[in-house]
Amino acid sequence: MATSPEAIAGEISHINSLLYAGLNVLLLRKPGFSALQYERLLEGIDPLFYSRIMIAGQRELVEKYRLRGLHMSEALRSSAVPGDFKMSTSIHTGQTLTFKPAAQHAVFVEVRNVDHVLPPGDMWDHLILGPVFNSISKPGHLGRLQEMKNIPPNTLAIGGIQQKNVGGLKAMGFCGAVLLGAIWKDPFNAVPTYQSIYAAWNRT
């Protein structure tokens, strides 16, 4: 699951509740946030869950807080090199990548330009592919499932994922999903919404 890019009232409380409810990975992504602003968010999250948190664009905070890993923007992707990090990339195309196990931290990078050249496929541990369905958080961003052919292993779906459609993702070839709009459109029901989507995923 990813945080809302915008501020949410009581967000830290909602994040902790989701993590206590069993959320396995949280992508902490706040475009425009400084390192200090990210640290303020992290300081409000129970340290018990730091190992479940990916953070966007703040490499130094990964080590400082012993986080799960780093999410890199498209602008920073060219700096990605093989090393001690697991590498993941998210793209908006059906391009097939190959995968190779890596160790230690996970690094998520984001690719929006279909024609952008990616580093070698064996750098990436996971691929985030979307938008699969019409986006909830970004009206007008239409699903591109018809373009997604030969979906590789370790691919997570993103875009418009909710209880009514998550059950079909496994049959499409996805190994999981990244939730955003379905959770944050109604933050006070974030936990039951997450639980209902998770249960629907597990029924398939």
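Contact here means heavy atoms within 4.5 Å. In this predicted model, Ile8 is in contact with His14, Trp184 and Pro187, leaving aside neighbours within four places in sequence. Ile8 lies in the segment before α1. Its relative accessibility is 18%, so Ile8 counts as buried, the limit being under 20%. The partner Trp184 stands 176 residues from Ile8 along the chain. Even so, the C-alpha atoms of Ile8 and Trp184 are separated by 8.1 Å.

The chain as a whole can be described next. The chain holds seven helices and eight strands. Of its 204 residues, 48% are buried. Among contacts with a separation of 6 or more, 59% join residues 24 or more positions apart. The accessible surface of the chain comes to about 9,900 Å². Carbon and sulfur atoms account for 54% of that surface.

Glu11 belongs to helix α1. Is Glu11 buried or exposed? At 7% relative accessibility, Glu11 counts as buried. The side chain of Glu11 makes a polar contact with the side chain of Lys30, at 2.7 Å. Lys30 is also one of the residues that Glu11 touches, not counting those up to four places away in sequence. The others are Thr3, Ser4 and Glu6.

Helix α2 spans residues 35-44. Its buried residues are Tyr38, Glu39, Leu41 and Leu42. Seen down the axis of α2, these residues fall within an arc of 160 degrees, so they line one face of the helix. An α-helix has 3.6 residues a turn, so residues three or four places apart point the same way. The face of α2 turned away from the buried side carries the exposed residues Arg40 and Glu43. What covers the buried residues of α2? The cover includes two helices, α1 (11-20) and α3 (59-64), and two strands, β1 (26-28) and β2 (53-56).

Leu42 of this buried set also has a place in the nonpolar interior. The largest nonpolar core has 50 residues. Leu42, Ile55 and Leu169 have the most contacts inside this core. Helix α7 (residues 190-202) gives the core its largest share, five residues. In soluble globular proteins, nonpolar side chains tend to be buried together. Which residues does Leu42 contact, leaving aside its neighbours within four places in sequence? They are Leu28, Tyr50, Ile53, Ile55, Leu61, Tyr65 and Leu67. Ile55 thus appears both as a contact of Leu42 and among the core residues with the most contacts.

Aromatic rings were examined as pairs. A pair of aromatic rings is described by the distance of the centres and the angle of the planes. Four aromatic pairs are counted. Phe33 and Tyr38 form one of them, with 5.6 Å between centres and 70 degrees between the planes. This pair is edge-to-face. Phe33 is partly exposed, with a relative accessible area of 30%. Tyr38 counts as buried, at 2% relative accessibility. In the pair of Tyr194 and Tyr198, the ring centres are 5.8 Å apart and the planes meet at 20 degrees, so the pair is stacked. Planes under 30 degrees apart count as stacked. Both tyrosines lie in helix α7; being four residues apart, they are separated by about one helical turn. Tyr194 is buried, with a relative accessible area of 7%. Tyr198 is partly exposed, at 45%.

Technical notes
Residues are numbered from 1 along each chain as its sequence is written. This is a predicted model: local features need pLDDT of at least 70, side-chain atom pairs count only at pLDDT 80 or more; totals for chains, interfaces and linings use all residues. Side-chain values use heavy atoms; hydrogens and water are left out. Buried means under 20% relative accessible area, exposed over 50%, partly exposed in between (1.4 Å probe, protein chains only). The arc is that of the directions from the helix axis to the C-beta atoms. A nonpolar core is a set of buried Ala, Val, Leu, Ile, Met, Phe, Trp, Tyr and Cys residues joined through side-chain atoms within 4.5 Å. A polar contact is a pair of N or O atoms within 3.5 Å; within protein, one must be able to donate a hydrogen and the other to accept it, and residues adjacent in sequence count only if both atoms are side-chain atoms. Accessible areas come from the Shrake-Rupley method with a 1.4 Å probe; for residues, only the protein chains shown count as cover. Rings of Phe, Tyr and Trp (its six-membered ring) pair if their centres lie within 6.5 Å; planes under 30 degrees apart count as stacked, over 60 as edge-to-face and the rest as tilted.
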